[in-house]
Amino acid sequence: MTRKPLHQAARHAAPLLRHPLRFVWDALKAFRANQGLLLAGAVAYYALLSIVPLLIVSVMALSHFLDQRELLSTIGRYLEWLLPGQSKAIVTELSNFLDHRDVLGPVLLVTMIFFSSLAFTVLESAMAVIFHHRKAEHKRHALLSVVLPYVYIACLCAGLLLVTLVSGALQLIGQETVDLFDHSWSLSGVSGVLLYLLGLGGEIFMLTSLYLVMPVGRLSWRHALLGGVTAALLWEVTRRVLVWYFSSLSQVNVVYGSLTTAIVVLLSLEIAATLVLFGAQVIAQYERLERTGSSEPVGGGLGV
């Protein structure tokens with residue numbers, strides 16, 4: 001994609017700024033036409049299959065460089081962003097498996113790596129439906145589609161390593177105090193704010209990177225960041241609602257009993273996948289707006 005001058009980008013963005021609600025409505029109509037909820041269900045199902053093997057492989061790889069308890073603490077803290085109220089159960093199962101890692105053979109290791117990649121493979125297919133207009137102009141080699149999920153898993157491991165180091169440093173800052181004018185101020189509040197901003201920034205960066213690499217063709221940083229910020233802000237509001245709902249109103253444990261954790265995790269993943277794909281739809285609508293001057297859906301996807 002050629003880089004447009006700033007004034008040209010502003011000209012294309014003008015209709016969006018004048019009629020933002022119309023743009024959102026067009027994006028919702030296109031998302032429905034592309035069967036976005038159905039695609040999100042598929043992504044959530046495979047994400048449920050992938051999340052534990054992915055975490056096991058990541059911790060086993062990074063435990064050669066970092067303390068395992070510190071890794072599990074970081075995973076638990078930020079997994080709460082993805083699975084509100086359920087991170088403790090996932091980390092407990094992860095810890096139990098790691099305590100018996102001696103049963104891990106080469107066949108099981110290869111199987112876990114394969115299952116870790118399933119969510120990214122399905123997400124790439126879902127993105128292909130959202131960005132169906134790109135198929136005529138861009139092609140992706142089949143081998144690249146096979147390798148891409150594993151490259152992304154390696155990048156996530158590197159990101160987890162960096163986040164663990166940074167969050168550890170911020171926690172140390174939180175234990176310090178500042179003495180000034182015969183008064184002492186704890187830095188724990190500052191540390192908490194910085195940890196939150198680290199999580200939010202990491203969330204936006206991860207979503208932006210997904211929008212950059214998953215669709216075929218080269219997506220501009222500006223477009224990917226638009227989708228990343230949209231999905232991240234929507235998820236921030238949604239996860240707080242989910243935390244309140246599961247802690248105050250939900251009777252899911254009465255209905256599903258021992259299946260409660262799996263049901264809640266799947267529901268959280270489906271909502272998250274819906275917002276990720278809607279962020280992709282926002283990018284697709286903005287691309288249509290730049291090409292045609294209108295964000296009105298024009299067919300394609302699964303809905304036609």
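Visitor: At roughly what angle do the axes of H3 and H5 cross?
Guide: Heads up, this is a predicted model: local features need pLDDT of at least 70, side-chain atom pairs count only at pLDDT 80 or more, and totals for chains, interfaces and linings use all residues. Helices (H or I, at least four residues) and strands (E, at least two) are DSSP runs numbered from the N terminus. Axes are lines fitted to C-alpha atoms, for helices over the stretch in contact, and angles run from 0 to 180 degrees between N-to-C directions. The axes of H3 and H5 come within 10 Å, and they cross at roughly 55°.

Visitor: So what does that make H3 relative to H5?
Guide: Angles under 35 degrees count as roughly parallel, over 145 as roughly antiparallel, 65 to 115 as roughly perpendicular, and the rest as oblique. With a crossing of roughly 55°, H3 is therefore oblique to H5.

Visitor: Which residues in H5 does H3 meet?
Guide: Contact means heavy atoms within 4.5 Å. On the H3 side we find Leu 55, Ile 56, Val 59 and Met 60, and in H5 they meet Ile 90, Leu 94, Phe 97 and Leu 98.

Visitor: And how does H4 run relative to H5, given their angle?
Guide: The axes of H4 (residues 68–82) and H5 (residues 87–99) come within 9 Å and cross at roughly 155°. So, relative to H5, H4 is roughly antiparallel.

Visitor: How many residues of the contact of H4 with H5 are charged?
Guide: H4 brings residues including Leu 72, Ile 75 and Glu 80, while those in H5 include Ile 90, Val 91 and Asp 99. Ala, Val, Leu, Ile, Met, Phe, Trp, Tyr, Cys and Pro count as nonpolar, Asp, Glu, Lys and Arg as charged, and the others, Gly among them, as polar. The split is seven nonpolar and four polar, and the charged ones number two.

Visitor: Back in H3, is Leu 39 buried or exposed?
Guide: Residues are numbered from 1 along each chain as its sequence is written, and side-chain values use heavy atoms, with hydrogens and water left out. Leu 39 lies in H3 (residues 36–62). Buried means under 20% relative accessible area, exposed over 50%, partly exposed in between (1.4 Å probe, protein chains only). Leu 39 has 11%, so it counts as buried.

Visitor: What distance separates the C-alpha atoms of Leu 39 and Met 127?
Guide: Along the chain, Leu 39 and Met 127 are 88 residues apart. Their C-alpha atoms are separated by 9.1 Å.

Visitor: How many strands does the protein have?
Guide: Helices come to 11. In the pattern α-α-α-α-α-α-α-β-β-α-α-α-α, look for the β entries. The strands come to two.
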